[in-house]
Amino acid sequence: MLTIGIVMGGYSGESIVSLKSGEYIYSQIDQNKYKNVFNIHILNNGWNVFIDDIKYPINKEDFSFILNDKKINFDVLVNTIHGTPGEDGILQAYWKLLNIPYTGCYFYNSALTFNKKDTLAVLSKYGVAMAKSFYLNKGDEINSHDIITNIGLPCFVKPNQSGSSLGVSKVKAIEELPKAIEDAFKEDHSILIESFLDGKEVSVGVMKYKGKIVVVGTTEIKTDNDFFDYEAKYLGASEEITPANLTSVEEKNIRDAAKHIYKCLNMNGFSRLDFIIMNNTPYFLEINTNPGCSPASIFPQQVRYAGYNFSELLDNEINQAIENSKK
């Protein structure tokens, strides 16, 4: 009988969303098959297993805990942390050292894809369409005129390593750029400034299912906000249309692009890739390797529409984690 840990939380502003994702996954996992399933909260105030609102501290030496005077070790960890330390490779590398199988992509691929600049640099070698971008480290000299000359207006300023649109600004005038840069640097020590792409915003769910790369579905994002920001994502200020309203050419192109990127980045597990479609061409924005999995999140919407059983997908993820740990 496998002992499964569902790991949720994290150290970033995305922790609340991650806790909701973890609760949903706990509700969906086949508890007839996996009778020993535990919720694990990894937060700034500690690492704990929660059972009936009672917390049991995690021993960081081997990621175990004590229950009724018995040491409990985990056979597989289902990783649902958004942001650091569960979506940037830190926990995955730690679990790898402990020989504990975990769901999702490998620690290196997780670290790579959490870094937007490095991801774009890798994908530029594979012919992936993307926006123009400008990169800054904290402390660099900032010349607003040079940046706008290269990137144009409007443009987006975003932290290099962050999620849920935290610290992201849409800049419409050169005078707004310094404040946007300041806000982005509050989230990360490095930032990206990207050209504006005027088209349909579409999220594509992709996973490795029974050894094959599968596109789960497409979702078009519409919002009256300037962009798909935190409010639009989590506070209802957007319309998410699943499946996306695409022409047959757009549908084929974006599915092909999503599978191509997933393969190029050597992904495993659930992922959500974000694009802007202009003139039938999907322009890649970013990949989320631990996409939101609350009932209202985009990836579960796509799963439901495609007719998959979420419990069966989790079973597939657990089996893949065990197989991947042997490589």
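**Notebook: sheets, helices and aromatic pairs**

I began with isoleucine 147, which I located in helix α5. The model I am reading is a predicted one. I then looked up whether isoleucine 147 is buried or exposed. Its relative accessible area is 1%, so I entered isoleucine 147 as buried.

Next I listed the residues that isoleucine 147 touches, leaving out those up to four places away in sequence. They are Phe134, Leu136, Ile142, Gly152, Leu177, Ile181 and Ile193. I also checked the separation from lysine 170, which stands 23 residues from isoleucine 147 along the chain. The C-alpha atoms of the two residues are separated by 14 Å.

**Entry: the four-stranded sheet**

I traced an open sheet of 4 strands, in the order β8-β11-β9-β10, and found the pairing to be antiparallel. Which strands stand at the edges? They are β8 (133-137) and β10 (169-171); each has a single partner strand, so one side of each is left without a neighbour in the sheet. From one strand to the next, I noted an average twist of 20°.

Within this sheet I followed the pairing of strand β9 (residues 155-159) with strand β11 (residues 190-195), which is antiparallel and runs over 5 bridges. I recorded valine 157 as standing opposite isoleucine 193 in β11. Helix α5 (residues 144-151) packs on the sheet and touches β8, β9 and β11. The direction of α5 makes about 150° with that of β8. Isoleucine 193 is also one of the residues that isoleucine 147 of this helix touches.

I then turned to helix α6 (residues 177-185) and looked up its buried residues. I wrote down Leu177, Ala180, Ile181, Asp183, Ala184 and Phe185. The buried residues of α6 pack against β8, α5, β9, β10 and β11. Leu177 and Ile181 had already appeared in my list of contacts of isoleucine 147.

**Entry: the five-stranded sheet**

I traced a further open sheet, made of 5 strands in the order β4-β3-β2-β1-β7, and noted that its pairing is mixed. Its edge strands are β4 (54-57) and β7, each pairing on one side only. Leaving direction aside, neighbouring strands of this sheet are turned by 35° against each other on average.

I asked in which sense β1 and β2 pair, and over how many bridges. Strand β1 (residues 3-9) and β2 pair in the parallel sense, over 7 bridges. Valine 7 stands opposite isoleucine 40 in β2. Helix α2 packs on this sheet, where I found it touching β1, β2, β3 and β7. The direction of α2 makes about 175° with that of β7.

**Entry: aromatic pairs**

I counted 16 aromatic pairs in the model. For phenylalanine 38 and phenylalanine 74, the ring centres are 6.3 Å apart and the planes stand at 80°, so I classed the pair as edge-to-face. Phenylalanine 38 lies in strand β2 (residues 36-43) and phenylalanine 74 in the loop between β6 (70-72) and β7 (76-79), so this pair ties together parts that are 36 residues apart in sequence. Why do I count phenylalanine 38 as buried? Its relative accessibility is 12%, and the limit for a buried residue is under 20%. Phenylalanine 74, at 6% relative accessibility, counts as buried.

I next examined tryptophan 47 and tyrosine 94. Their ring centres are 5.8 Å apart and their planes stand at 65°, so this pair is edge-to-face. Tryptophan 47 belongs to strand β3 (residues 46-51) and tyrosine 94 to helix α2 (residues 90-97), so the pair ties together parts that are 47 residues apart in sequence. I entered both tryptophan 47 and tyrosine 94 as buried.

I then followed the ring pairs onward and found that they link Phe38, Trp47, Tyr56, Phe63, Phe65, Phe74, Tyr94, Trp95 and Tyr102 into a cluster.

**Entry: charges over rings**

I found the charged end of lysine 60 over the ring of tryptophan 47, 4.6 Å from the ring centre. I also found the charged end of lysine 117 over the ring of tyrosine 135, 4.6 Å from the ring centre.

**Entry: helices α3 and α4**

Lastly I looked up how helix α3 (residues 107-114) meets helix α4 (residues 116-123). The two helices pack at an angle of about 100°, with their axes 5 Å apart. I therefore recorded α3 and α4 as roughly perpendicular to each other. On the side of α3, the contact is made by Leu112, Thr113 and Phe114. On the side of α4, Lys116, Asp118, Thr119 and Val122 make the contact.

Terms used: Residues numbered from 1 in each chain as written. Predicted model: local features only at pLDDT ≥ 70, side-chain atom pairs only at ≥ 80, totals over all residues. Heavy atoms only, no water. Pairing = 2+ DSSP bridges. Axes fitted to C-alpha atoms, helices over the stretch in contact; angles between N-to-C directions. Contact = heavy atoms within 4.5 Å. Phe/Tyr/Trp six-rings, centres within 6.5 Å; stacked < 30°, edge-to-face > 60°. Buried < 20%, exposed > 50% of the residue type's maximum accessible area, 1.4 Å probe, protein only. Lys NZ or Arg CZ within 6 Å of the ring centre and 35° of its normal. Parallel < 35°, antiparallel > 145°, perpendicular 65-115°, else oblique.
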